[in-house]
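Here are some short exercises for practising how to read a protein structure. Have a go at each task, then follow the solution step by step.

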Amino acid sequence: MDTETASRPSRNGHHADGDRFAGAPRARAARAARDRDRETEDGPRSRNPLERLIGAIAGGARGRVPTADLDERDPDFIRESLPAQWLLASLWFRGEVRGLGNVPEQGAVLLVGNHSGGNVSPDSLVFTLAFSTYFGVERRLHQLAHNLVLSMPGLGFLRKYGTVAASPENAARALESGAAVLVYPGGDHEVHRPSWEGNKVNFAGRRGFVRLALEHDVPIVPVVSIGGQETALFLGRGEGLARTLMLDRLFRLKVLPLSIAVPWGLNVGDFLGHVPLPAKITVEVLPAIHLRDRFGPKPDVDEVYDHVTTTMQETLDALAEERRLPIIG
Amino acid sequence: MRVGAAIDVAAPPALVWEFVTDPARYLHFMNGITRWEVTTEQDRGLGARYRTLMRVGSAEVGGLVEIVECDERRDLAWTSVTGIDQRGRWRLRELGTGARTRVELRIQYGVAGSGIFGWLAEQVAAPAVRENLRRSLQELRRQAEHEQARAAAATRRAAAQR
């Protein structure tokens, strides 16, 4: 899942009732500025035929992404699927979530997680289940996911869980509605890191989540998970291969990961997912960071980014020390 | 799915009733319960609401519950308002001369509309929930009998001083 929300504009998130949640004039102005930027980017800047062709295909790919509509989240559907999620999380992943009491009881909050497990990411399952049972399905939780994830056939049901395409507009809309929003800034870069880097937080310098939290004045709650990178043997991101095949231009995919996974053996791209090994997933939710209380009225984005990633890495190190064996936990 | 457990306590129903109606005591004797928080102005009796959570497997499960039956020193029942569907009941019955109490705790839980996975999850969770109830009753007995013994000692000392 790519949840780098603020770095790349896209066409997603525009729909007729888009202004329903747009409360803050500042946020509206920022959105208008991004709209102008997008018009520039999507405009006829490509000169040669190849670039024009790529632009057209990319536009088509983005066009197929379902328009984000927060009302697509269906609490009854989530509630009815809790038992199935619980079975999977409890029996297969032996999930353990600590510190949910650190999430503020009410109001919008930006949950920032490290992401693991390739395209079948167990940390999302374990955390969203725990969140839903702890706070109740009545509390809105939206996750941001890569455009392609939501446009894949058969994955449309994710929208019922509150998953929306990753874009600054959708994230803003979700926060303005008062929801808890779960983002994975590392996105596809982090989720496909090699297994031997499994215990490293790697947001690839993406700071969009900090700007998002500042723009909407919401607390950041770090969510640290471990175990996801043990659900297959991840060999590498294949960034060079992705560039060569122009996947970054066509589908916003910066990686073409390689892994050894059930049932495929050598798994290139992980497009069809895989059967994750039953690694124990532990998630720790850290205390909320109220940015302006902690960093003053005008927080420095780099300073906040460093603080969040350092805190998360320290927690991940501690969780790693608790583990005796890979997969077993 | 309904699970239950029962135990005999060497204390009168009035004393046990004090335990099961006082929300502040729940975290001290209920095994697996991670939250039992009053959300209404009245903290006990008919209409009182609590936010409850019990750790089962990988999640803390529960929701908002409301007391719907309160038969003094005999029955206390609640039902869920939000969260998973649940009904619970404390059933106290006097034994013999009144110095002992039969205590029964029942919980019925599930998620309506969850189909086969719901049924399966209920079966898988049942042993853990049952074990939580069993240990809770054991702890309740320990605490209630301790309090009963302390009260008896105080009575004896007062009588001796007279």
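## Exercises on two chains

Chain B exposes about 8100 Å², and carbon and sulfur atoms supply 49% of this area. Keep in mind that the model is predicted.

**Exercise 1. Describe chain B as a whole: its elements, its span and its buried share.**

Solution.
- Step 1: Count the elements. Chain B has three helices and seven strands.
- Step 2: Put them in order. Starting at the N terminus, the pattern is β-α-α-β-β-β-β-β-β-α.
- Step 3: Look at the extent. The C-alpha trace of chain B spans about 65 × 35 × 25 Å along its principal axes.
- Step 4: Find the buried share. Of the 162 residues in chain B, 45% are buried.
- Step 5: Check the contacts along the sequence. Taking contacts in chain B between residues at least 6 apart in sequence, 48% join residues at least 24 apart.

**Exercise 2. Do the corresponding survey for chain A: what are its elements, and what share of its residues is buried?**

Solution.
- Step 1: Chain A contains twelve helices and ten strands.
- Step 2: Of its 329 residues, 54% are buried.
- Step 3: For contacts in chain A with a separation of 6 or more, residues 24 or more positions apart account for 80%.
- Step 4: Chain A exposes about 13800 Å², with 56% of that supplied by carbon and sulfur atoms.

**Exercise 3. Decide whether Gln86(B) is buried or exposed, and list what it touches.**

Solution.
- Step 1: Locate the residue. Gln86(B) lies in strand S6 of chain B, which covers residues 85-95.
- Step 2: Apply the cut-off. Buried means under 20% relative accessible area. Gln86(B) counts as buried because its relative accessibility is 10%.
- Step 3: List the neighbours. Leaving out residues up to four places away in sequence, Gln86(B) touches Thr52(B), Gly62(B), Gly63(B), Val65(B), Trp78(B), Thr79(B), Ser80(B), Gln108(B) and Tyr109(B).

**Exercise 4. Now take Leu266(A): is it buried or exposed, and which surface patch does it help to make?**

Solution.
- Step 1: Leu266(A) sits in strand S9 of chain A.
- Step 2: The cut-off for exposed is over 50% relative accessible area. Leu266(A) has 59% relative accessibility, so it counts as exposed.
- Step 3: Together with Trp196(A), Leu233(A), Leu235(A), Leu258(A), Ile260(A) and Val268(A), Leu266(A) makes a nonpolar surface patch of about 650 Å².
- Step 4: Strands S7 (233-236), S8 (258-261) and S9 (265-268) of chain A each supply at least two residues of this patch.

**Exercise 5. Describe how chain A and chain B meet: how much area is buried, and which residues and elements take part?**

Solution.
- Step 1: Begin with the idea. The size of an interface is often given as the accessible area lost when the parts come together.
- Step 2: Read off the value. About 1700 Å² is buried between chain A and chain B, and carbon and sulfur atoms give 57% of it.
- Step 3: Find the main contributors in chain A. Arg79(A), Trp86(A) and Tyr134(A) lose the most area to chain B, together 36% of what that side buries.
- Step 4: Count the residues. The contact takes 17 residues from chain A and 25 residues from chain B.
- Step 5: Look for charged and polar pairs. The rule finds three salt bridges across the interface of chain A and chain B, and ten residue pairs in polar contact. Glu105(A) forms a salt bridge with Arg35(B), with the closest N and O atoms 3.3 Å apart.
- Step 6: Assign the elements. Helix H3 (75-92) and helix H4 (122-135) of chain A each supply at least two residues of the side that touches chain B. The largest share of that side, nine residues, comes from H3(A).

Note on methods: Residues numbered from 1 in each chain as written. Chains lettered and ligands numbered in written order. Predicted model: local features only at pLDDT ≥ 70, side-chain atom pairs only at ≥ 80, totals over all residues. Heavy atoms only, no water. Patch = residues over 30% accessible without salt bridge, like charges linked within 9 Å, V, L, I, M, F, W, Y side chains within 5 Å. Areas by Shrake-Rupley, 256 points an atom, 1.4 Å probe, with all protein chains shown as cover. Salt bridge = Lys/Arg side-chain N within 4 Å of Asp/Glu carboxyl O. Helix = DSSP H or I, 4+ residues; strand = E, 2+ residues; numbered from the N terminus. Buried < 20%, exposed > 50% of the residue type's maximum accessible area, 1.4 Å probe, protein only. Contact = heavy atoms within 4.5 Å. Buried area = accessible area lost by both parts, 1.4 Å probe. Polar contact = N/O pair within 3.5 Å; in protein donor to acceptor, adjacent residues only side chain to side chain.
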